[in-house]
Amino acid sequence: MNILLLGYGKMGRIIGEIAEERGHQISGKINIDNRSDLDQIDPDSVDVAIEFSQPDAAVENISWAIKRGIPVVSGTTGWLDQKPQIEELTLKHNTAFFYASNFSVGVNIFFKVNKFLASLMKDQAEYKVSMEEIHHTEKKDAPSGTAITLAEGIIAENPRVDHWKLEEDSDKNEQTIPITSKRIDPAPGTHIIKYKSEIDDIEIAHTAHSRKGFAQGAVLVAEWIKAKKGILSMDDFLSF
Ligand SMILES: NC(=O)C1=CN([C@@H]2O[C@H](COP(=O)(O)OP(=O)(O)OC[C@H]3O[C@@H](n4cnc5c(N)ncnc54)[C@H](O)[C@@H]3O)[C@@H](O)[C@H]2O)C=CC1
Ligand SMILES: O=C(O)C1=N[C@H](C(=O)O)C[C@H](O)C1
């Protein structure tokens, strides 16, 4: 399979290595300083584009590929207010778009555990939920995309909370999930959910030891999406 890498930073590089180990070819490695190389790319020679760039570049990168009928796997966080326009473009060009805030299998299991715990907490008003996420200092967005997905999972299961806020602007409202974002090198990604009561605390955590799980997930999804159309997510890809 021929894979175009839109964004060739920390994630793009490891995705490229894993893709080559799995027998794929890399058709292009596009970064902020060589975007003009896209003019030399023959869209018919690309099977899938994998996009891990940065929040203010994601829409432009994804649109470039979608408009040429190339299926896109995207993991860039911090741009999702514009996802509806990408979905519309995908359907117009009859191709495929796959987004996940986190491609690792472990985090996707953690998403399910988080929702199960939130459903158990529905009637336990004495427990107040909060979240902490820790990432490396180069991360541009806060809170992380994964933290937002976790907060949305809690909100879907527990009617006692209805929105999240970064801890620093937290309004101390009982219905708010406060999220603390810490930036400490070299953390690849840690997420901790805490339920605190006067009597005890319950905590669940996921800690990534490297970026391998994210990158491996993105390559496996790229292999899977090649022959698909439409708007797809981890719920379509994973069998649990
Ligand atoms: N969904 C997931 O599982 C994961 C998502 N991420 C997200 O992926 C994104 C990238 O992460 P990293 O690789 O760690 O960042 P990075 O900063 O190491 O790399 C980003 C790359 O994007 C390039 N770029 C910037 N503007 C561009 C443009 N207009 N066109 C093409 N390339 C451009 C930069 O040159 C840079 O090399 C972030 O949003 C991060 O939050 C990261 C890890 C896992
Ligand atoms: O920027 C990162 O590094 C990561 N970003 C994703 C996020 O915002 O959730 C996924 C992972 O935690 C690493």
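The radius of gyration is taken over C-alpha atoms, and the globule rule that goes with it is 2.2 Å times the number of residues to the power 0.38. With the whole protein selected, 240 residues would give a compact globule a radius of gyration near 18 Å, and the protein has 19 Å, which agrees. This is a predicted model, in which local features need pLDDT of at least 70 and side-chain atom pairs count only at pLDDT 80 or more, while totals for chains, interfaces and linings use all residues. Residues are numbered from 1 along each chain as its sequence is written, and chains are lettered from A and ligands numbered from 1 in the order in which they are written.

Still with everything shown, the C-alpha trace spans about 60 × 35 × 30 Å along its principal axes. Colour by secondary structure next, and the protein has 7 helices and 11 strands, these being DSSP runs numbered from the N terminus (helices H or I, at least four residues; strands E, at least two).

Now select residues 10-21, which form helix 1, together with residues 212-225, which form helix 6; the two pack at an angle of about 60 degrees with their axes 9 Å apart. That makes helix 1 oblique to helix 6, since angles under 35 degrees count as roughly parallel, over 145 as roughly antiparallel, 65 to 115 as roughly perpendicular and the rest as oblique.

Finally, show the side chains where these helices meet: M11, I14, I15, I18 and A19 in helix 1 face K212, F214, A215, Q216, A218 and V219 in helix 6, with contact meaning C-beta atoms, placed from the backbone, within 7 Å.

Definitions and conventions
Axes fitted to C-alpha atoms, helices over the stretch in contact; angles between N-to-C directions. Contact = placed C-beta atoms within 7 Å.
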